[in-house]
Protein chains: 6
Amino acid sequence: MKTVLKVGGFAFSESRQESLVQQYVDLLKQLSKEHQLIVIAGGGAIARIYINAARKMGVPESLCDQLGIIVSRLNARLIADGLGEHAYPEIPLTVSELKHYFASGKIVAMGGLQPGHSTNAVAAIAAETVKAEIFVNATDVDGVYTNDPTKDPTAKRLEEVTVAELTKILSGGAVRAGTYDLMDPVALKVIERSRIPTTIVDGRTPINVLKAIRREKIGTRILFD
Amino acid sequence: MKTVLKVGGFAFSESRQESLVQQYVDLLKQLSKEHQLIVIAGGGAIARIYINAARKMGVPESLCDQLGIIVSRLNARLIADGLGEHAYPEIPLTVSELKHYFASGKIVAMGGLQPGHSTNAVAAIAAETVKAEIFVNATDVDGVYTNDPTKDPTAKRLEEVTVAELTKILSGGAVRAGTYDLMDPVALKVIERSRIPTTIVDGRTPINVLKAIRREKIGTRILFD
Amino acid sequence: MKTVLKVGGFAFSESRQESLVQQYVDLLKQLSKEHQLIVIAGGGAIARIYINAARKMGVPESLCDQLGIIVSRLNARLIADGLGEHAYPEIPLTVSELKHYFASGKIVAMGGLQPGHSTNAVAAIAAETVKAEIFVNATDVDGVYTNDPTKDPTAKRLEEVTVAELTKILSGGAVRAGTYDLMDPVALKVIERSRIPTTIVDGRTPINVLKAIRREKIGTRILFD
Amino acid sequence: MKTVLKVGGFAFSESRQESLVQQYVDLLKQLSKEHQLIVIAGGGAIARIYINAARKMGVPESLCDQLGIIVSRLNARLIADGLGEHAYPEIPLTVSELKHYFASGKIVAMGGLQPGHSTNAVAAIAAETVKAEIFVNATDVDGVYTNDPTKDPTAKRLEEVTVAELTKILSGGAVRAGTYDLMDPVALKVIERSRIPTTIVDGRTPINVLKAIRREKIGTRILFD
Amino acid sequence: MKTVLKVGGFAFSESRQESLVQQYVDLLKQLSKEHQLIVIAGGGAIARIYINAARKMGVPESLCDQLGIIVSRLNARLIADGLGEHAYPEIPLTVSELKHYFASGKIVAMGGLQPGHSTNAVAAIAAETVKAEIFVNATDVDGVYTNDPTKDPTAKRLEEVTVAELTKILSGGAVRAGTYDLMDPVALKVIERSRIPTTIVDGRTPINVLKAIRREKIGTRILFD
Amino acid sequence: MKTVLKVGGFAFSESRQESLVQQYVDLLKQLSKEHQLIVIAGGGAIARIYINAARKMGVPESLCDQLGIIVSRLNARLIADGLGEHAYPEIPLTVSELKHYFASGKIVAMGGLQPGHSTNAVAAIAAETVKAEIFVNATDVDGVYTNDPTKDPTAKRLEEVTVAELTKILSGGAVRAGTYDLMDPVALKVIERSRIPTTIVDGRTPINVLKAIRREKIGTRILFD
């Protein structure tokens with residue numbers, strides 16, 4: 001089964017990365033027996049260090065994005081190195097390279113592609129390109145809420161959400177480099193136009209990814225109208 | 001003055017391209033005396049021929065996008081070749097290459113970058129990257145209307161429009177490869193976050209581009225809230 | 001069996017491409033069960049649109065050739081996309097890349113390589129590089145004639161022709177970008193020096209390619225002295 | 001004057017990078033009026049985070065080196081982005097690219113090149129390649145000591161040291177990824193074979209770099225026998 | 001004045017290369033004051049060593065060609081290194097890169113491009129691409145003869161020759177890797193289609209190149225019908 | 001078994017290369033049945049021709065190194081071409097490419113990587129990267145001596161030597177381009193840090209390589225303290 005997993009940047013922060021990255025590497029090795037996998041790494045806290053330093057020097061936002069992309073590729077490389085012979089040894093820098101490397105049958109780890117895109121959009125495009133049967137987005141929240149749960153105590157987690165509802169919930173979000181949330185408009189449009197089966201889970205506990213792949217009830221599943 | 005010009009794919013259709021491309025090449029040569037220029041070419045009718053042929057064979061949308069990107073780069077190369085020594089001799093394939101080539105002081109012609117983006121988004125990102133003072137989007141309509149003028153005879157052309165209004169007008173548009181209209185969400189977000197002065201003009205008459213650059217009243221100007 | 005197929009640009013014109021490209025894709029999938037295949041795409045009518053536009057602007061012939069090469073690569077990509085997992089996902093840009101991609105065991109689709117060469121020469125070099133057992137050149141004529149049949153009603157189609165005779169028949173032909181006919185001198189020299197079994201067939205009917213591969217009597221076969 | 005500056009990874013740690021990187025960017029802009037500059041960035045604490053995570057997963061040392069190289073290139077990009085139009089917009093990945101980019105007259109920022117090399121070796125090779133008149137190595141110590149000052153309180157700082165003495169002082173040092181000290185054997189051999197004028201200074205105070213370039217008494221100067 | 005110089009492989013043989021290469025480097029430095037230069041290096045004796053070793057192992061001719069191309073690029077690099085800052089620091093591997101590097105205003109040194117082409121064809125294509133005003137082919141013979149002077153003592157050197165005559169004189173020549181003579185069919189067609197002013201001189205005495213550039217009577221000049 | 005073989009440049013000199021290269025190609029084909037192989041080629045006499053010519057023109061040492069690297073890659077290509085389908089068709093230029101190509105299961109042939117490194121260091125890094133079980137260094141001496149046997153008639157060949165002893169024996173050696181001996185400091189450090197089982201044999205008789213791989217008593221084996 002062709003499976004795309006997005007692992008948010010949270011997994012690569014200094015305090016967490018050694019144990020969480022190791023857990024994801026172990027999970028991916030196990031999954032690779034039955035799945036042909038693409039794993040997309042986010043940027044996370046280290047990306048934000050560079051983006052902030054650059055922004056203070058007046059660097060344009062698209063180049064701040066680019067710094068975040070480089071960190072996400074570095075995170076992808078850490079996963080690929082940890083996977084050793086289970087992974088394709090290069091990180092794709094374009095969709096063409098992704099196709100090319102995926103054809104090897106090995107796990108392909110990748111980061112961002114171009115400014116303006118989040119790594120969620122990259123994951124959606126990757127899923128579309130290889131006609132993936134499932135796309136799991138492992139984030140550091142436990143699913144999609146009716147509202148921002150850190151601001152609104154009455155916010156409720158949704159087990160299912162349509163693309164239209166999710167677009168509405170997410171609209172108004174800032175699109176500054178390093179601050180994309182859950183899904184950006186490109187990710188949503190791609191998921192919708194190719195009807196990619198997508199689940200958003202709490203990736204701080206990697207077992208949730210496994211549950212989502214096994215179609216167990218976990219996180220928030222995206223529905224199509 | 002750093003200026004970014006998007007020339008829609010309409011200028012490169014078989015029937016038009018010889019004369020319109022020639023006119024744009026002449027205009028760009030003239031502008032290059034006072035402007036440092038990036039010109040982004042769209043894909044147009046020839047892109048749609050390839051996209052349709054691919055879609056009928058069941059090719060994924062992201063790869064259909066990629067075919068359109070190749071045609072837009074071919075269109076960019078035609079402009080660069082026509083410009084001769086006025087143009088940088090390579091078409092940038094990434095934002096890094098764009099910066100690199102723009103530093104030469106020559107006109108840089110480019111097409112699309114990655115699937116999921118329209119060439120309007122590319123133009124906005126290019127404008128952001130080089131901190132352009134003006135971005136002119138030469139389309140085959142005479143500006144932004146309150147509604148689709150081909151469907152609604154009461155639709156009125158707007159001289160000015162905010163990003164929020166434009167987002168609303170454009171929402172609901174399909175995002176299949178080759179059908180992006182005027183501006184896509186990525187383009188709008190980038191224009192907004194970096195407050196890029198943007199005008200949409202009817203590029204079927206290239207003199208309109210010149211008018212927009214000279215800040216004459218023409219087409220539709222984008223305002224920031 | 002290692003087999004090289006050149007599909008002339010005629011197959012990619014707007015009116016024809018959807019059906020003929022689809023037929024070639026189907027044929028290649030079928031052949032790939034028993035053949036290790038390289039397919040070289042020509043440029044055709046769309047290449048000529050760009051070449052003519054460029055030539056009118058005074059662009060040097062070698063750059064006009066280059067525009068034709070880009071279109072031939074776009075045609076190759078359409079075939080590769082149509083073939084999906086049967087094809088290597090990248091178009092080789094050099095002979096080194098060709099070897100590299102061919103080693104994957106997948107069908108490799110490619111276009112032109114460098115100015116001065118026709119795609120017939122590319123096909124001959126590809127056949128030589130991989131030591132192909134057969135090279136079929138699918139054109140939009142039904143074989144080699146003693147003279148140009150559109151000008152000379154007494155011209156007769158040849159079932160077999162030596163390289164020396166073919167050189168003589170083809171000499172005097174213009175070598176402007178986009179106008180190479182059947183075989184150019186580089187193609188002929190390469191076919192001769194490595195004695196590559198070569199047949200020229202009418203590719204407007206793809207079944208003729210199959211016949212040539214099965215060594216049935218079809219088109220014109222090239223003999224060595 | 002052709003000048004090569006190595007800025008150790010210490011300048012890019014999270015706590016320091018915003019202010020120190022900014023100071024180096026300002027210093028480089030000022031120097032660029034009279035110097036043609038190459039600046040090599042080290043990896044530092046962020047490199048060590050990735051290297052440690054990889055090493056715990058059993059990744060080979062050469063790939064750990066590679067992770068450090070990627071971080072050093074990311075640091076170089078932060079400097080290049082901060083320099084804006086004063087810098088060449090690409091980070092060279094090979095000595096050939098270095099030559100190529102240096103020919104532009106812009107400041108070239110770069111990181112590591114290949115496993116087995118420290119970024120000090122890269123700086124020495126860069127200095128040799130462009131025939132630099134001075135190489136300043138900005139470290140987080142105040143110069144070369146007769147012994148490790150953190151272990152031996154009687155260690156004395158040397159104002160001058162021969163390559164032979166320095167080789168002796170530094171021998172016995174571990175060469176695990178991310179732990180190269182001051183100068184590695186490759187750096188020393190290159191400095192010696194091309195007699196590159198070299199000074200090691202305390203880069204935690206960027207003004208020391210300026211002093212070294214002005215040939216003021218600062219840090220430790222390397223002598224040739 | 002845009003000038004293309006082909007220096008045959010003879011100049012790079014072990015016995016000759018130190019002095020002849022040095023003389024060509026000096027000549028090019030001198031010429032660069034008034035000319036914008038491309039210099040194409042041939043392969044010569046060292047190319048033939050590798051080609052022969054490969055051919056004995058049954059390597060296909062196109063890959064033997066490729067070995068010769070690598071040696072010609074190595075020869076080009078030796079010239080570029082000798083020229084130092086007068087040369088563009090990279091060797092172009094494609095016509096696109098040639099345009100790109102030539103735009104720098106520096107001398108561009110290059111070798112072969114693709115199998116099937118001689119370096120004479122490369123030189124002709126380079127001359128066409130940049131619209132060179134003169135192409136001098138420095139060989140190890142003193143011009144074009146009516147017949148092979150080593151076999152026919154009555155052969156006479158021609159001061160002028162038409163492309164048609166030269167084609168006839170050169171026809172019948174073998175086209176095995178490393179054995180192309182003076183001009184190959186691609187070179188001649190390109191020279192003819194773009195009417196490139198071309199002179200073949202005895203390059204064993206570099207002063208002859210200077211004479212040809214100054215339009216003095218030397219070697220054999222190619223005429224157009 | 002993963003096996004790395006370094007074949008010194010001596011095997012590629014004009015007089016020797018046809019027979020010795022052929023013998024190594026045959027040996028590698030035979031070994032490939034049981035071993036996953038990387039073969040690193042040195043530069044040798046032809047490298048020295050180019051290095052000497054460049055050095056006389058005042059070219060910097062790092063660029064002389066680069067010329068030697070190109071020749072070593074040319075030597076690697078000759079081996080790869082001779083191996084035909086047993087070899088990966090591209091020569092890796094970086095450690096990343098090496099991993100990438102090695103994953104194909106084919107024999108990978110490579111030359112040098114960057115200035116400052118010998119090809120012995122490249123071989124050690126390659127062995128470390130793929131976690132090779134044995135590294136055989138085929139040289140043109142019959143092992144390591146207590147002293148230079150051409151200068152000291154009492155020098156004795158060592159059957160085993162520790163890294164520390166070897167470092168001492170080799171210290172004092174010049175490190176000018178093209179003159180690295182047996183092992184350079186980078187090679188020794190890498191062998192030591194990853195405890196790579198290494199044997200130095202007389203490669204003028206290729207059977208010695210086979211003996212070393214079979215752990216027979218031959219040449220000099222490197223011990224770890």
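# Chains in contact: a chat

Reader: How many residues do chain B and chain A put into their contact?
Author: Chain B gives 25 residues and chain A gives 24. Two residues are in contact if their C-beta atoms, placed from the backbone, lie within 7 Å. This is a predicted model: local features need pLDDT of at least 70, side-chain atom pairs count only at pLDDT 80 or more, and totals for chains, interfaces and linings use all residues. Residues are numbered from 1 along each chain as its sequence is written, and chains are lettered from A and ligands numbered from 1 in the order in which they are written.

Reader: Which helices of chain B supply at least two residues each to the side that touches chain A?
Author: They are α3 (61–83), α5 (119–129) and α7 (185–193). Helices (H or I, at least four residues) and strands (E, at least two) are DSSP runs, numbered from the N terminus. The most comes from α7(B), with five residues.

Reader: How do the residues on that side of chain B divide?
Author: Into 11 nonpolar, eight polar and six charged. Ala, Val, Leu, Ile, Met, Phe, Trp, Tyr, Cys and Pro count as nonpolar, Asp, Glu, Lys and Arg as charged, and the others, Gly among them, as polar.

Reader: What turn lays chain B on chain A?
Author: A turn of 180 degrees, with a shift of 0.0 Å along the axis and an RMSD of 0.0 Å. Copies are superposed by least squares on the C-alpha atoms of residues with pLDDT of at least 70 in both. Both copies use the same surface: 96% of the contact residues of chain B recur in chain A.

Reader: New pair. How many residues of chain E are in contact with chain F?
Author: 23 residues of chain E, with 23 residues of chain F. On the chain E side, α1 (14–31), α2 (44–56) and α3 (61–83) each supply at least two residues. The largest share, nine residues, is from α3(E). That side of chain E has 15 nonpolar, three polar and five charged residues.

Reader: What rotation superposes chain E on chain F?
Author: One of 180 degrees, with 0.0 Å of shift along its axis and an RMSD of 0.0 Å. The two copies are thus related as by a two-fold rotation axis. Also, 100% of the interface residues of chain E are interface residues in chain F, so the copies meet through the same surface.

Reader: How far apart are the nearest C-alpha atoms of chain C and chain D?
Author: They are 21 Å apart, and chain C and chain D do not touch. Chain B and chain F do not touch either, with their nearest C-alpha atoms 21 Å apart.

Reader: Now one chain. How many helices and strands does chain A have?
Author: Eight helices and nine strands. Its C-alpha atoms fill a box of roughly 45 × 45 × 35 Å, taken along the principal axes.

Reader: What share of chain A is buried?
Author: Buried residues make up 60% of its 225 residues. A residue is buried if 20 or more other C-beta atoms lie within 10 Å of its own, exposed if 12 or fewer, and partly exposed in between; C-beta atoms are placed from the backbone.

Reader: Which residues of α2(A) are buried?
Author: Among them are A:G44, A:I46, A:I49 and A:Y50. Just after α2(A), A:G58 takes a positive phi of about 80 degrees.
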